[in-house]
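Visitor: Hey, got a minute? I'd like to walk through this one with you before I set anything up.

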Amino acid sequence: MSQTHWTVLGAGSLGCLWAGYLNQAGFPVTLLHREEVAAPESLSLTRFQEDQATAFKAELTTASACPEKSISRLVVATKAHDAVTAVAGVQHALTDDACIVLLQNGMGSQQAVAEKYPEYAIVAACITDGAYRTEPGHVIHAGQGISRVGALNAQGQKVWRQVVEDLEQTDLIIEACENINQALWNKLAINIAINGLTALNQCLNGELMQPERYQRVSRLCRETEAVMAALKLQLPEQGLLPLATDVIKGTAKNRSSMLQDTLRGKITEIDYINGYLVQQAEHLNIEVPESLSIYREVKLRFNQPSS
Ligand code: NAD
Ligand code: KPL
């Protein structure tokens, strides 16, 4: 078995999930926590549909303490708004041939990292798993999903299949993805339809089926279709609404990630969801009034920093 050393940046829910699965598959792992936050005292992963937590091992340290040129595989597991700053903090430690794997939701942060660091291999994962932490270092794998993994830049094209081979040794469900841009857009379209609305209505995903809310879901889907069509991206034959409806019904009891962020008073990822669509639409001269209104409402109501 390969013994690639993986470094995971961000000891939150997804960071602990990936660190746990990688280590339990036999990979040595370093987990980087924030400088200003104490290292978790212990680490454990409760695998999907299991009751018992199982310990995993990782060297716990911070970005600034990493030796020069010591990281060849970096997983960035921060929220989208922290990704660029987090990578900058660890840049001294990247080897010349380092690969950066980005796990962020939405779009825009991955492209910002790829633009800033064209010399490194940039790979993105589009993830539908659900995970949460019970206490620092302890993560529950609550929803089994798929991680679609593909290259975001030319350097990434050279190594992304090796990354997939490593990840396939874990018990995460990994899919090699030739067109990661399309996969990220497919997921973005669903998040555009659901996340902002659940935050504004402080409701569960399933409660978006109420007629007035569902009309907004429908308008959001039509706007996203117009932008995706202009970008020559693939769209489902029946349009996005049936897909969004399936996800709303399939995750009816879920609190969306954006609803959870607002309940905890955190910065949401709205800039990278409806905000990203608004930005793309502006370049294309397409009107997206529903997404624009949701973007503005979320920013105002939840006192979000300006982007
Ligand atoms: P989280 O808030 O639990 O974890 C992010 C962690 O990154 C935090 O612990 C934060 O302190 C840390 N961090 C930020 N900047 C840092 C820095 N400079 N150095 C070190 N640590 C730093 O968030 P999460 O739920 O793990 O989500 C991460 C990303 O994955 C988000 O974009 C989210 O939308 C996406 N995602 C999450 C899930 C999930 O189930 N949790 C599923 C799919 C996608
Ligand atoms: O990805 C999600 C999120 O909450 O961010 C959905 C699909 C909306 C599930 O809750």
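Visitor: Which residue is the bridge partner of Ala125 in S11?
Guide: That's Val149. Keep in mind that we're looking at a predicted model.

Visitor: OK, and how many bridges join S8 to S11, and do they run parallel or antiparallel?
Guide: Five bridges join them, and the two strands run antiparallel.

Visitor: What's the strand order in the open sheet of eight strands?
Guide: Going across, the order is S5-S2-S1-S6-S7-S8-S11-S12, and the pairing is mixed. Strand S5 (59-61) and strand S12 (174-176) are at the edges with a single partner strand each, so one side of each has no neighbour in the sheet. From one strand to the next, the twist averages 25°.

Visitor: Which strands does H2 touch when it packs on that sheet?
Guide: H2 touches strand S1 (6-9), strand S2 (29-32), strand S6 (71-76) and strand S7 (94-102). The direction of H2 makes about 160° with that of S6.

Visitor: There's another sheet, right? What order do its four strands take?
Guide: S4-S3-S10-S9, again an open sheet, with mixed pairing. Strand S4 (54-55) and S9 are the edge strands there; each has a single partner strand, so one side of each is left without a neighbour in the sheet.

Visitor: How do S3 and S10 line up, parallel or antiparallel?
Guide: Parallel: strand S3 (residues 44-46) is joined to strand S10 (residues 138-143) by three bridges. If you want a landmark, Leu45 has Val139 as its bridge partner in S10.

Visitor: And which strands does H1 lie across?
Guide: H1 lies across S3, S4, S9 and S10, and it runs at about 95° to S9.

Visitor: Switching to the ligands. Which residues come nearest to ligand 1?
Guide: Gly10, Gly12, Leu14, Ala86 and Asn105 do, out of 28 residues around it. Helix H1 (13-24), helix H2 (83-90) and strand S9 (130-135) each give at least two residues to that shell.

Visitor: What's the shell around ligand 1 like by class?
Guide: It has 11 nonpolar, 12 polar and five charged residues.

Visitor: Now ligand 2. What surrounds it?
Guide: The residues around ligand 2 are Asn105, Ile190, Asn191, Ile194, Asn195, Asn205, Val247, Thr251, Asn254, Ser256 and Ser257. Helix H5 (residues 180-201) supplies the largest share of the shell, four residues.

Visitor: How many charged residues are in the shell around ligand 2?
Guide: None: the shell splits into three nonpolar and eight polar residues, with no charged ones. Asn105 is worth a second look, as it's listed around ligand 2 and is also one of the residues that come nearest to ligand 1.

Visitor: Stepping back, where do the domains start and end?
Guide: The domain assignment puts domain 1 at 6-178 and domain 2 at 182-301. Their C-alpha centres lie 25 Å apart.

Visitor: How many residues are in contact between the two domains?
Guide: 13 residues of domain 1 are in contact with 12 residues of domain 2. On the domain 1 side, strand S8 (121-127) and strand S11 (147-151) each supply at least two residues. By class, that side has five nonpolar, six polar and two charged residues.

Visitor: Last one: how many helices and strands are in the chain overall?
Guide: 10 helices and 12 strands. The radius of gyration is 19 Å, close to the 19 Å the globule rule gives for 307 residues, so the chain is as compact as a globular protein of that length. For your box, the C-alpha trace spans about 50 × 40 × 35 Å along its principal axes.

Terms used. Residues are numbered from 1 along each chain as its sequence is written. Chains are lettered from A and ligands numbered from 1 in the order in which they are written. This is a predicted model: local features need pLDDT of at least 70, side-chain atom pairs count only at pLDDT 80 or more; totals for chains, interfaces and linings use all residues. A residue is near a molecule or strand if its C-beta atom, placed from the backbone, lies within 6 Å of it. Ala, Val, Leu, Ile, Met, Phe, Trp, Tyr, Cys and Pro count as nonpolar, Asp, Glu, Lys and Arg as charged, and the others, Gly among them, as polar. Two strands pair if DSSP finds at least two bridges between them. Two residues are in contact if their C-beta atoms, placed from the backbone, lie within 7 Å. Axes are lines fitted to C-alpha atoms, for helices over the stretch in contact, and angles run from 0 to 180 degrees between N-to-C directions. Domain bounds come from an automatic or database domain assignment. The radius of gyration is taken over C-alpha atoms; the globule rule is 2.2 Å times the number of residues to the power 0.38.
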